[in-house]
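Me: I would like to go through this structure by question and answer, with each reply ending on the value or name that was asked for.

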Amino acid sequence: MNRVLTVTRVQLVGWQNTVGWPWLLLIMIFAVNYAVFLAIGDIEDNPTTGALISIYIVVFVTSINWITQLLPFSMALSVIRRTFYLATALFLVVQSVVFGILLFLCQLLEDATDGWGIRLRFFGLNFIDQQNPLLQIAIYTMPFILLGFLGIFVAVFYKRFGLTGMWLLSTGTLLVLAGLAVLITWLDLWDGIGRWLTDQPMAAWFVGWPVLLAALLAGAGYLTIRRVTP
Amino acid sequence: MSTVVSAQQVSKRFRDVTALDDVSFTLEENRIHGLLGRNGAGKTTLMQIMTGQLLASSGRLTIDGRSPYENETVMSRVCFIKESQTYPQYFKVRHALESARLLFPGWDEDFAQALLADFRLPLNRQVRKLSRGMHSMLGIIIGLASRAPLTLFDEPYLGLDAVARHLFYDHLLTDYAEHPRTVVLSTHLIDEVGELLEHVLLLDQGRVLLDTTAEDLRGQVVTVAGPGSAVDELAAEYEELHREILGRYARATLRGTFGTAERARAKALGLDLEAVSLQDIVVRLTTAHARSGDATTTGTRKKETLR
């Protein structure tokens, strides 16, 4: 366990470039958005932007870099694969929670200042707004975790099986999905599924299902990394 | 002396290449071992197996009696520096050193700082902007300052100038004397490290061609020079690795036992005996092996391995 914590500290080395960069980018995008809507002047309804997604994309790319860049370097410094993976998973979860809380605080600030003085909706997007603060934090946090484990799994899979493996994985996934779609059409289940999907509460969409999927990806990544060559 | 690394019939096959073929040897504690061989001889593959980065296809390799693969206890005592090491894109020199300080239990910060000053490596430069030689220096600093009980250097000094290479040799020897450890040095600059090596492991086409102490080796291979007929007479009793002929005069590199009696006999035949440098020994052995390898079968090849 001590070794796992040490390796997470190595992941913090040069943190400005990994943990700091997504926030710097988000602040810059926010500044641009703010300037644009300030220049447009008074708008009848709340201007809402989708720019929040940029931070999720940056974190996704960072998680791929953990495997393509930090794993070979850590293994060169005698870190074993298992320890690296556990440390990365721990780092990802903690970072996601911290980011989730920070986004929640930004949303609070946005609400308190009536949309930064110009009724701008940047952090709080209407359809994800919740009354329960814990649920709100979880809604911000979960996509980070899911995207992080997705990036880690894809990168590990690529490192282990190469381009051919990636091709087989993507084709295989597509075939399975297409097969499911055919099966559902054949059994005439679309109506039922559509109703079931719309009946799902927001919490299931943003927390429940992502947790399940992230756990599956995390497990698959763990099994794949054990035979990876740096 | 106890055994640190032990390999028993280790083979590694990639799709259509056999990188290591039935390799067996042991490395003793607190010695400097030279891992020599031509490009593609299997040196890097062997070091990767020794550090758990690759799995052998068959055979068993242990460090302190245990397999290094995914073994935290073993790996925390190992440091492996390779020439082609990549660093995360955003890393500066100080980030790499900070990581090494966190990860190696025996890390000596004062020593690292002294090496930095000696090599004149800029702490705040991005690693990817370092020149080839500076990139190698960074690896060397990490390798030396880690003070790992088993330290492996794979071609550590690509692009290093002569001054920096000698700095490396000096620091390695001094620090090794004060803090004995097991060092494995893979290199093509054999003449430069000839004096450093205490034990030589020579690989050729994935096989062990030579596994002996440097001292024994120097006594085993000798060049004799003199009249052609006298060289012929002596060469008949030895394995001849190489011969140059200049009219009636000949020089031959021979392998076998050269004790006092044998030396006296050569003198009596009117032959001059010359010591052969480690580099020449390696070149002669590898080329002689390639020649005989064409004609003979695997069985006779294996017999050639010196113990």
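The questions below go from the overall form of chain B to its domains, its contact with chain A, the nonpolar core and one loop residue.

Me: What is the radius of gyration of chain B, and why does the chain count as compact as a globular protein of that length?

Reply: This is a predicted model, in which chain B has 12 helices and 13 strands. The C-alpha trace of chain B spans about 65 × 40 × 35 Å along its principal axes. For 307 residues the globule rule gives 19 Å, and the chain is close to that value, so chain B is as compact as a globular protein of that length, with a radius of gyration of 22 Å.

Me: Among the contacts in chain B with a separation of 6 or more, what percentage is accounted for by residues 24 or more positions apart?

Reply: As background to the packing, 40% of the 307 residues of chain B count as buried. When contacts in chain B with a separation of 6 or more are taken, the share that comes from residues 24 or more positions apart is 69%.

Me: How many Å separate the centres of the two domains of chain B?

Reply: The domain assignment divides chain B into domain 1 (3-205) and domain 2 (219-303). Their contact takes 7 residues from domain 1 and 7 residues from domain 2, and on the domain 1 side helix H7 (190-193) and strand S8 (199-204) each supply at least two residues. That side of domain 1 divides into 3 nonpolar, 1 polar and 3 charged residues. Taken over C-alpha atoms, the separation between the centres of domain 1 and domain 2 of chain B is 34 Å.

Me: Which feature does UniProt list for residues 5-230 of chain B?

Reply: Over residues 5-230 the chain is 35% helix and 31% strand, with its end C-alpha atoms 44 Å apart. For this stretch of chain B the UniProt record, an unreviewed entry, lists "domain: ABC transporter".

Me: Which element gives the most residues to the side of chain B that touches chain A?

Reply: The contact between the chains takes 24 residues from chain B and 23 residues from chain A, and the chain B side divides into 12 nonpolar, 9 polar and 3 charged residues. Helix H2 (72-75), strand S5 (78-82) and helix H3 (93-103) of chain B are the elements that give two or more residues to this side. With 6 residues, the element that gives the most is H3(B).

Me: Which residues touch the most other members of the largest nonpolar core?

Reply: This core has 133 residues, and its largest share, 15 residues, comes from helix H6 (residues 133-186) of chain A. From chain B, the core draws at least three residues from each of domain 1 and domain 2. Leaving aside neighbours within four places in sequence, Ala96(B) is in contact with residues including Tyr87(B), Phe91(B) and Val127(B). The members that touch the most others are Ala96(B), Ile141(B) and Leu202(B).

Me: Does Tyr238(B) count as buried, partly exposed or exposed?

Reply: Tyr238(B) lies in the loop between helix H9 (228-235) and strand S11 (239-246) of chain B. Once neighbours within four places in sequence are left aside, Tyr238(B) is in contact with Leu254(B), Arg255(B) and Gly256(B). A residue needs 20 or more other C-beta atoms within 10 Å to be buried; Tyr238(B) has 19 such neighbours, and therefore counts as partly exposed.

Notes. Residues numbered from 1 in each chain as written. Chains lettered and ligands numbered in written order. Predicted model: local features only at pLDDT ≥ 70, side-chain atom pairs only at ≥ 80, totals over all residues. Core = buried A, V, L, I, M, F, W, Y, C linked by C-beta atoms within 7 Å. Buried ≥ 20, exposed ≤ 12 C-beta atoms within 10 Å, placed from the backbone. Helix = DSSP H or I, 4+ residues; strand = E, 2+ residues; numbered from the N terminus. Domains from an automatic or database assignment. Contact = placed C-beta atoms within 7 Å. Nonpolar A, V, L, I, M, F, W, Y, C, P; charged D, E, K, R; others polar. UniProt positions renumbered as here; feature names shortened; annotations may be inferred. Rg over C-alpha atoms; globule rule 2.2 N^0.38 Å.
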